[in-house]
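Grab a pencil and work through a few short exercises on the structure below. Try each task yourself before you read its solution.

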Amino acid sequence: MDVLAKRLKTLRSEHGMTQDALAKRLHIARTTLAHYETGAREPRLKTLVDISDVFDVSIDYLLKE
């Protein structure tokens, strides 16, 4: 699993959010979010910005070890 997948899943869990709740907040399908969390897909830049805004973290934190 890549860094983004692990960090996204961890942040979502730490904030007590379901995949459905986060997907709605990001305006994406729950299945798309699930693919991000497994590393099967990578989000577009706009979605990365939205994720970083939701969790108040930098994009560097989401992508780098």
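The exercises below deal with a predicted model, and each one comes with a worked solution.

**Exercise 1: The two sides of a helix**

Task: Find which residues of helix H2 are buried and which are exposed on the other side.

Solution:
- Step 1. Start with the stretch itself: helix H2 covers residues 19-26, and its buried residues are Gln19, Leu22, Ala23 and Leu26.
- Step 2. Now check how they sit around the axis. They span an arc of only 100°, so they are on the same side of H2.
- Step 3. A bit of background helps here: an α-helix has 3.6 residues a turn, so residues three or four places apart point the same way.
- Step 4. Turn to the other side of H2, and you find Lys24 and Arg25, which are exposed.
- Step 5. What lies over the buried residues of H2? The cover includes helix H1 (3-14), helix H3 (30-38) and helix H4 (45-55).
- Step 6. Keep going past the end of the helix: just after H2, His27 has a positive phi of about 60°.

**Exercise 2: Hunting for salt bridges**

Task: Work out how many salt bridges a search of the whole structure finds, then look at each pair.

Solution:
- Step 1. The search turns up three salt bridges. As a reminder, side chains of opposite charge can pair when their charged atoms come close.
- Step 2. Take Glu37 and Arg12: their side chains form a salt bridge at 2.5 Å, N to O. This pair links distant parts of the chain, with Glu37 in helix H3 and Arg12 in helix H1, 25 residues apart. Both Glu37 and Arg12 are buried, which means each has under 20% relative accessible area.
- Step 3. Next come Asp20 and Lys24, whose closest N and O atoms are 3.3 Å apart. They are four residues apart in helix H2, so about one helical turn separates them. Asp20 is partly exposed at 37% relative accessible area, while Lys24 is exposed at 58%.
- Step 4. Then there are Lys46 and Asp50, which meet in a salt bridge at 2.8 Å, N to O. Both belong to helix H4 and sit four residues apart, about one turn of the helix. Lys46 is exposed, with a relative accessible area of 59%, and Asp50 is partly exposed, with 22%.

**Exercise 3: Into the core**

Task: Which residues touch the most other members of the largest nonpolar core, and which helix supplies the largest share of this core?

Solution:
- Step 1. This core has 14 residues, and those touching the most other members are Leu8, Leu22, Leu33, Ile51, Phe55 and Leu62.
- Step 2. Look at where the members come from: H1, H2, H3 and H4 each provide at least two residues of this core.
- Step 3. The largest share belongs to H4, with four residues.
- Step 4. Zoom in on Leu8. Setting aside neighbours within four places in sequence, Leu8 contacts Leu22, Leu33, Tyr36, Glu37, Ile51 and Phe55. Glu37 turned up earlier too, as the salt-bridge partner of Arg12.

**Exercise 4: A serine in H4**

Task: Decide whether Ser52 is buried or exposed, and list what it touches.

Solution:
- Step 1. Place the residue: Ser52 is in helix H4.
- Step 2. Its relative accessible area is 7%. The cut-off for buried is under 20%, so Ser52 counts as buried.
- Step 3. Leave out residues up to four places away in sequence, and Ser52 touches Val57, Ser58, Ile59 and Leu62.

Technical notes
Residues are numbered from 1 along each chain as its sequence is written. This is a predicted model: local features need pLDDT of at least 70, side-chain atom pairs count only at pLDDT 80 or more; totals for chains, interfaces and linings use all residues. Side-chain values use heavy atoms; hydrogens and water are left out. Buried means under 20% relative accessible area, exposed over 50%, partly exposed in between (1.4 Å probe, protein chains only). The arc is that of the directions from the helix axis to the C-beta atoms. Contact means heavy atoms within 4.5 Å. A salt bridge is a side-chain nitrogen of Lys or Arg within 4 Å of a carboxyl oxygen of Asp or Glu. A nonpolar core is a set of buried Ala, Val, Leu, Ile, Met, Phe, Trp, Tyr and Cys residues joined through side-chain atoms within 4.5 Å.
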